[in-house]
Every structure is written in C-alpha cells, then in structure tokens.
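Reader: I am new to this structure and would like a close look at a single part of it. Please take me through that part slowly, and then say how it sits in the rest of the chain.

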Amino acid sequence: MFARIVIVAGALLVFLGAGLQTWGAAYLRTEVVHDHAQHSQALVADGPFRSTRNPLYLANPADGG
C-alpha cells in the first residue's frame, strides 16, 4: 500500500514538473525573448514567472529543483 502511494505521489510530481516546464518554455516565445523595451525596463513577471524567477530550472529534476 505504501509503495503505491509513493509511486502515485512521484508520478504526480513528475507531471506537475513537466507541466510547469512546458508552460515556462511556451511563455518564452520570440516576442517575449526579443523585446528590447521589456528587457531594459521591466522584468518578465507574468505567467509562470510570476511565482518563480526561473520555472524551467525549478521543474527540471536534474538541477535539484
């Protein structure tokens, strides 16, 4: 029983991490990355970047998220 709970919890974390990473990568479309006015005057503070500075690293298990 405990093993199933651990597997389900692990699978849930994997899916949440993959979703966050996909959302962060999709948000960084060309218009956001190459907007010189935004880079010089403001931080990206919308989408997944509202809660964390770098959701791509947070969601990547190899980086220790």
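Author: Leu 58 counts as partly exposed, because its relative accessible area is 41%, a value that falls between the cut-offs of under 20% for buried and over 50% for exposed. This leucine lies in helix α4, and, in this predicted model, its C-alpha atom is 8.0 Å from that of Gln 21, although the two residues are 37 places apart in sequence.

Pro 55 is also a residue of helix α4, but here the relative accessible area is 0%, so Pro 55 is buried. Leaving aside the neighbours within four places in sequence, the contacts of Pro 55 are with Leu 20, Gly 24, Pro 48 and Phe 49. For one of these partners, Gly 24, the separation along the chain is 31 residues, while the C-alpha atoms of Pro 55 and Gly 24 are separated by 5.9 Å. Gly 24 is itself among the buried residues of α1, together with Gly 17 and Tyr 27.

The contact with Pro 48 leads from helix α4 into a loop, since Pro 48 is placed between α3, residues 36–41, and α4, residues 55–58. Pro 48 has 3% relative accessibility and therefore counts as buried. With its neighbours within four places in sequence again set aside, Pro 48 is in contact with Leu 20, Trp 23, Gly 24, Tyr 27 and Pro 55. Trp 23 and Pro 48 are 25 residues apart in sequence, and from C-alpha to C-alpha they are 6.9 Å apart in space. Leu 20 and Gly 24 thus appear in the contact list of Pro 48 and also in that of Pro 55.

Another partner of Pro 48 is Tyr 27, a residue of helix α1. Tyr 27 counts as buried because its relative accessibility is 17%, below the cut-off of 20%. Between the C-alpha atoms of Tyr 27 and Phe 49, which are 22 residues apart along the chain, the separation is 8.9 Å.

Helix α1 itself deserves a careful look, and so does its exposed part. With 26 residues at 1.5 Å each, α1 should span 38 Å, and its end C-alpha atoms are 37 Å apart, so the two values agree. This helix covers residues 2–27 and includes Leu 13, which counts as exposed because its relative accessibility is 62%. Leu 13 joins Leu 12 and Leu 16 in a nonpolar patch on the surface, and the accessible area of the three together is about 330 Å².

For the setting of these parts, the chain contains four helices and zero strands, and its elements follow the order α-α-α-α from the N terminus on. Of its 65 residues, 15% count as buried, and the chain exposes about 5200 Å², of which carbon and sulfur atoms supply 66%. If one takes the contacts between residues at least 6 apart in sequence, 44% of them join residues at least 24 apart.

Finally, a word on confidence: the mean pLDDT of the chain is 76, and 68% of the residues reach 70 or more. Among the elements, α1 has the highest mean pLDDT, 89, whereas α3 has the lowest, 56.

How values were computed. Residues are numbered from 1 along each chain as its sequence is written. This is a predicted model: local features need pLDDT of at least 70, side-chain atom pairs count only at pLDDT 80 or more; totals for chains, interfaces and linings use all residues. Side-chain values use heavy atoms; hydrogens and water are left out. Patches are made of residues with over 30% relative accessible area and no salt bridge: like charges are joined within 9 Å, nonpolar side chains (Val, Leu, Ile, Met, Phe, Trp, Tyr) within 5 Å. Accessible areas come from the Shrake-Rupley method with a 1.4 Å probe; for residues, only the protein chains shown count as cover. A salt bridge is a side-chain nitrogen of Lys or Arg within 4 Å of a carboxyl oxygen of Asp or Glu. Helices (H or I, at least four residues) and strands (E, at least two) are DSSP runs, numbered from the N terminus. Buried means under 20% relative accessible area, exposed over 50%, partly exposed in between (1.4 Å probe, protein chains only). The expected span of a helix is 1.5 Å times one less than its number of residues. Contact means heavy atoms within 4.5 Å. pLDDT is the predictor's confidence in each residue, from 0 to 100.
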